Amino acid sequence: MPEPLSPWWADVHDATQLLTSQLNALVAHAARVGVYTPPPGSPPPRRRRQPASLRHLAEVIRTHRLAPGLSVDKDDVAAVLAGDPSRVTDPALVVAIARAAHLIAGEPFPDGDADRLAVAGTHVSTLLEAARRADERAPSAVPALQVTEPVVLDGYFTTRRPRRWRAPIAGLLGALVLAGVTALVVPRGQEPDKPTSPPAPVAPGMTPLDHAAAHDDYLNPQPLQDALAHRFTSFEADVVLREGNLELCHHLDGGTCRDPRNARITARPFEATYLRGLSSRVNATGGRVYPGYHQPVLLFVEIGCATAAGVCALPEDPAAAATDPNNPLVVARKIMDALTPYREMLFHVDGTARQWGPVQVVITGSHNDDQLPAGGDGHNSVRGLLAQQADTYAFLDGSFGVDRDQYNADLVPVISFPSVGMNEDCTYNANNPLQTKHWDNITKAQSTGHHVRVLAPDNCPGGSDFWTDALYGGVDLISSNGVASLGDWIATNAAGGGGGNCSVPTWIPAARLKGQNCTLDPGDIPVMSRPDPNSGPVGNVAGGGTQWFLGQQPGEPYDHNSTHNFWWAYTQAGNGRWGWVSVLYFSGGVLDQSAVGLQYGCYDVRPGERAECHPL
């Protein structure tokens with residue numbers, strides 16, 4: 001039985017409870033009658049967002065500058081609503097949350113109500129200070145109120161640069177084994193009769209290279225096949241639409257197919273080379289692109305221009321422009337139509353959930369967000385077109401500026417960005433390392449469920465210095481047109497990963513949700529309240545072994561037995577409480593790498609649930 005509070009601490013407790021009950025009532029009302037509206041300049045969310053969630057309240061406070069001088073995130077909102085006495089004593093924050101709730105509900109907030117809440121917060125502050133003085137006068141009396149860490153309902157954290165950073169130099173990785181992961185998606189739907197057993201390992205000699213992305217793969221002597229022979233897990237092809245057919249070509253010049261360097265090439269058919277090629281591979285390899293490989297490979301399809309390099313010139317007449325083969329919308333529709341016969345092998349999102357498949361198609365290019373003639377007087381973008389799919393089979397390659405902070409990986413699974421570490425002569429620029437310029441972008445994008453791809457310049461195959469920088473920068477996919485050299489380098493220096501050998505999603509009967517079984521080291525594994533070793537433990541996974549997880553994301557570095565990892569995976573401890581396990585405890589992992597096969601973020605665990613990892 002808890003010990004009784006002293007009278008002065010009881011006063012603090014009662015005043016705090018009274019104040020927070022008023023705030024929680026306002027928030028609950030806003031959640032019932034309000035509507036989620038994204039911040040100005042942000043695209044509408046693909047998935048339904050809960051109005052008046054911690055995230056929404058923080059967004060409204062920042063957007064409307066309701067707390068001048070304060071940087072408010074959802075941890076701050078959670079602390080106030082949970083009754084943390086150290087936070088409810090800030091009248092500006094208390095009033096800001098109340099104003100945000102009224103704005104979401106679409107109701108006025110009288111100045112008198114604001115004044116009463118500010119006075120209530122000041123009253124708690126006065127009682128708190130008086131209680132501390134009373135404790136000093138009577139230290140051996142009954143115990144003081146224990147100010148515990150508030151329960152964060154939909155946790156958020158700000159990633160700081162891990163301590164592992166070091167200057168990138170050629171050969172620094174040596175024999176160090178590192179890897180990234182391509183997203184495994186967590187579908188809902190059919191419930192198997194019993195949980196799937198832990199996955200079998202990849203066949204010897206065929207370990208896929210998770211970091212390896214073949215840039216301009218269609219220019220290789222044997223498109224797709226050369227990359228598969230080097231165990232790549234990502235391929236990119238440029239397409240143009242000519243006479244109603246999708247052809248592998250960067251652009252056309254007077255009817256002649258040209259590559260990015262304007263050299264003449266022979267155009268090949270897109271469908272026969274990639275879709276039919278991958279389908280044959282999947283059918284011959286037991287439903288996988290690689291035997292035993294439980295992740296979808298990524299096929300990036302870049303929309304090119306039929307008449308000019310880098311410029312999609314369209315007729316002035318809107319009706320003609322809407323059907324012109326140079327219109328990226330027209331090309332995107334043709335790509336979507338081409339996928340139809342191959343849907344059985346394609347990863348997709350249906351009306352309620354992600355459905356796993358061995359191949360995921362991502363449309364990329366510099367025109368994805370351009371507003372283009374779409375018929376009549378209407379305009380649309382490739383992004384808008386893909387978002388309108390009833391079932392999503394064609395996905396979008398995103399950008400940091402638009403997608404980094406959005407939980408929209410059901411449409412935008414990957415964010416790509418150009419290299420910043422290469423000079424025009426293809427030498428590595430050590431004064432502009434990728435890991436210092438883009439670390440925050442990369443970790444924030446991964447925290448919202450996206451994988452990150454870096455693009456080497458068209459004329460530069462890359463090199464060990466650049467690839468080392470990308471790995472230390474946390475990049476998931478390293479793109480190069482030098483398939484042999486990049487494949488050999490990754491096979492030598494960056495094969496393996498964070499361990500765990502996580503399975504495809506499976507039904508977890510006890511929790512009634514979809515999760516992925518991963519393998520932990522033996523022993524009792526601590527489960528923390530946040531992806532941070534300094535947060536309090538909420539329980540443990542007894543004995544290690546096979547444990548299900550909902551997803552993973554970067555956090556604060558965790559040190560144990562002279563090694564460390566800043567990736568964390570979300571699960572339920574043996575006592576039923578939700579929390580985070582350091583990927584350091586995943587079987588067979590190496591430092592600072594994400595778990596093998598476990599999806600980023602926590603998507604599609606239950607219909608209607610929020611996309612970020614949170615207690616269910």
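Me: Accessible areas come from the Shrake-Rupley method with a 1.4 Å probe. With that in hand, what share of the area that the chain exposes do carbon and sulfur atoms supply?
Reply: Keep in mind that we are looking at a predicted model. The chain has 616 residues, and 55% of them count as buried. What the chain exposes comes to about 25,000 Å², and the share from carbon and sulfur atoms is 52%.

Me: Thanks! Among contacts between residues at least 6 apart in sequence, what percentage join residues at least 24 apart?
Reply: The chain has 16 helices and 24 strands. For contacts that span at least 6 residues in sequence, the part joining residues at least 24 apart is 68%.

Me: Let's take helix H3. How many of its residues are buried?
Reply: H3 covers residues 74–81 and is mostly covered. Its buried residues are Lys 74, Asp 76, Val 77, Ala 78, Ala 79, Val 80 and Leu 81. Out of 8 residues in H3, the buried count is 7.

Me: And which helices do those buried residues of H3 pack against?
Reply: Buried here means a relative accessible area under 20%, and Lys 74 and Leu 81 are among the H3 residues that qualify. The helices they and the other buried residues of H3 pack against are H1 (7–33), H2 (54–63), H4 (85–88) and H5 (91–105).

Me: Which residue has its backbone nitrogen reached by a side-chain oxygen at the start of H3?
Reply: Beyond the other end, H3 is followed by Gly 83, with a positive phi near 85°. At the start, the side-chain oxygen belongs to Asp 73. That oxygen comes to within 3.0 Å of the backbone nitrogen of Asp 75.

Me: On to the aromatic rings: why is the pair of Phe 400 and Phe 417 called tilted?
Reply: The chain has 14 aromatic pairs. In this one, the ring centres are 5.2 Å apart and the planes meet at 35°. Planes under 30 degrees apart would count as stacked and over 60 as edge-to-face, so the rest are tilted. The pair is therefore tilted on account of its angle, 35°.

Me: How many residues apart are those two rings in the chain?
Reply: Phe 400 lies in helix H12 (residues 400–403), while Phe 417 belongs to strand E14 (residues 414–418). Phe 400 is buried at 13% relative accessible area, and Phe 417 is buried at 3%. The pair links distant parts of the chain, with a separation of 17 residues.

Me: Trp 567 and Tyr 600 also form a pair; what is the angle between their planes?
Reply: Their centres are 4.9 Å apart, and the pair is tilted. Trp 567 sits in strand E23 (residues 563–572), and Tyr 600 is 33 residues away in the segment after strand E24 (578–582). Both Trp 567 and Tyr 600 are buried, and they belong to one aromatic cluster with Trp 439 and Phe 566. The angle between the two planes is 35°.

Me: Which residue has its charged end over the ring of Phe 300?
Reply: The charged end lies 3.7 Å from the centre of the Phe 300 ring. The residue it belongs to is Arg 453.

Me: Last one: which residue of E21 stands opposite Gln 516?
Reply: Strand E18 (residues 513–520) has 7 of its 8 residues buried. It forms a hairpin with E17, with 4 residues between the two strands, and Thr 506 stands opposite Gly 515 there. E18 also pairs in the antiparallel sense with E21 (residues 545–549) over 5 bridges. Across from Gln 516 in E21 stands Phe 549.

Technical notes
Residues are numbered from 1 along each chain as its sequence is written. This is a predicted model: local features need pLDDT of at least 70, side-chain atom pairs count only at pLDDT 80 or more; totals for chains, interfaces and linings use all residues. Side-chain values use heavy atoms; hydrogens and water are left out. Buried means under 20% relative accessible area, exposed over 50%, partly exposed in between (1.4 Å probe, protein chains only). Contact means heavy atoms within 4.5 Å. A polar contact is a pair of N or O atoms within 3.5 Å; within protein, one must be able to donate a hydrogen and the other to accept it, and residues adjacent in sequence count only if both atoms are side-chain atoms. Rings of Phe, Tyr and Trp (its six-membered ring) pair if their centres lie within 6.5 Å; planes under 30 degrees apart count as stacked, over 60 as edge-to-face and the rest as tilted. A charge sits over a ring if NZ of Lys or CZ of Arg is within 6 Å of the ring centre and within 35 degrees of the ring normal. Two strands pair if DSSP finds at least two bridges between them.
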